[in-house]
Amino acid sequence: MTEPLDLFGDTADTATELPHDLDALRAQAAGCTRCELYQDTTQTVFGTGPATARLVMVGEQPGDQEDREGAPFVGPAGRLLDEALDEAGVARDDAYVTNAVKHFNFRYQGKRRIHETPKAGHIRACRPWLDAELALVKPQVLLTLGATAGKALLGPKFRITAERGEPRPWNDLTLVPTIHPSAILRADPARGQDRDEMFAGFVADLRTAGELLR
Ligand code: URA
């Protein structure tokens, strides 16, 4: 069953209907050509998790492994996220996990596909899918992972270092911004980054989000 509009805020003649359930939305997103990223990728990587989730986690974009498998956070960053969620006592299976951009943006280095930060246009083009996911899941708490997801939802002035871990009201839910697990994987002691400290801070932010659900 569908209701008229307003998935893309388009004019009446091009309006796309907002499906009533995530499966229908996922099927619709599978054919997305709203930006050029679909051309060189394997598939749209849509969110996964229960439609009744009280917690939604939003990352940046799928990586190489996610692109191949068609699910978010199943690669190295996902494994670190799982480890941190475990330590924070937050069940991933109860959460809905998605990304601000649903196609992998990369460049080739030889045969390797190297992650490229998505551009503002990619985030804008993909936003209706995220809005629709949030409209259907109706979470209580939204956790943004990294600067891209934070900026996508809070605007360009969002500063991850100053604002991470601080819950704030956002629309009719509570948003908790935190760092991206990839930042921990890339921790560089030469730049004063301590992996264990970063991991502990990440776990503390996840715990903050988890406590808001209790
Ligand atoms: N990084 C993200 O932001 N999302 C994924 O799904 C995987 C890696």
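What follows is a chat between a trainee and a mentor about this predicted model.

Trainee: Let's start with the whole protein. How many helices and strands are there?

Mentor: There are eight helices and nine strands.

Trainee: And what makes the protein as compact as a globular protein of its length?

Mentor: Set the radius of gyration against the globule rule. The radius of gyration is 17 Å, and the rule gives 17 Å for 214 residues, so the protein is as compact as a globular protein of that length. The C-alpha trace spans about 55 × 50 × 30 Å along its principal axes, and 48% of the 214 residues count as buried.

Trainee: Why is L55 called buried?

Mentor: Buried means under 20% relative accessible area. L55 has 4%, so it's buried. You'll find L55 in strand β3, residues 55-59. Leaving out residues up to four places away in sequence, L55 touches V90, A95, Y96, P139, V141, L143 and L213.

Trainee: What about T178: why does that one count as buried?

Mentor: Use that cut-off of under 20% again. T178 has 0% relative accessibility, so it counts as buried. T178 sits in strand β9, residues 173-178. Apart from neighbours within four places in sequence, its contacts include L143, I160, R164 and F202.

Trainee: Now the aromatics. What makes the pair of F106 and Y108 edge-to-face?

Mentor: A search of the whole structure finds two aromatic pairs. For F106 and Y108, the ring centres are 5.2 Å apart and the planes are at 90°. Rings pair if their centres lie within 6.5 Å, and planes over 60 degrees apart count as edge-to-face. So F106 and Y108 are an edge-to-face pair. Together with F104, these two residues form one aromatic cluster.

Trainee: Are F106 and Y108 buried or exposed?

Mentor: One of each! F106 has 14% relative accessibility, so it counts as buried. Exposed means over 50%, and Y108, at 53%, counts as exposed.

Trainee: On to helix α4. How do you know what span is expected for α4?

Mentor: The expected span is 1.5 Å times one less than the number of residues. α4 covers residues 120-137, which is 18 residues, and the expected value is 26 Å. From its first C-alpha to its last, α4 reaches 25 Å, close to that value.

Trainee: Where does α4 have a kink?

Mentor: At C126, shortly before the proline P128, with a kink of about 40°. C126 and P128 are both among the buried residues of α4, which also include H122, W129 and L136.

Trainee: And what follows α4?

Mentor: K138, whose phi is positive, near 50°. K138 is in the loop between α4 and β7 (141-145).

Trainee: What makes a positive phi worth pointing out?

Mentor: Most residues other than glycine have a negative phi. K138 is not a glycine, yet its phi is positive, about 50°. F73 also has a positive phi of about 50° although it isn't a glycine. F73 lies in the loop between α2 (64-69) and α3 (76-88).

Trainee: How do you know whether F73 and K138 are buried or exposed?

Mentor: Same recipe: under 20% is buried and over 50% is exposed. F73 has a relative accessible area of 6%, so it's buried. K138 has 63%, so it's exposed.

Terms used. Residues numbered from 1 in each chain as written. Predicted model: local features only at pLDDT ≥ 70, side-chain atom pairs only at ≥ 80, totals over all residues. Heavy atoms only, no water. Helix = DSSP H or I, 4+ residues; strand = E, 2+ residues; numbered from the N terminus. Bend = angle between axes of the 7 residues up to and from the residue. Buried < 20%, exposed > 50% of the residue type's maximum accessible area, 1.4 Å probe, protein only. Rg over C-alpha atoms; globule rule 2.2 N^0.38 Å. Phe/Tyr/Trp six-rings, centres within 6.5 Å; stacked < 30°, edge-to-face > 60°. Contact = heavy atoms within 4.5 Å.
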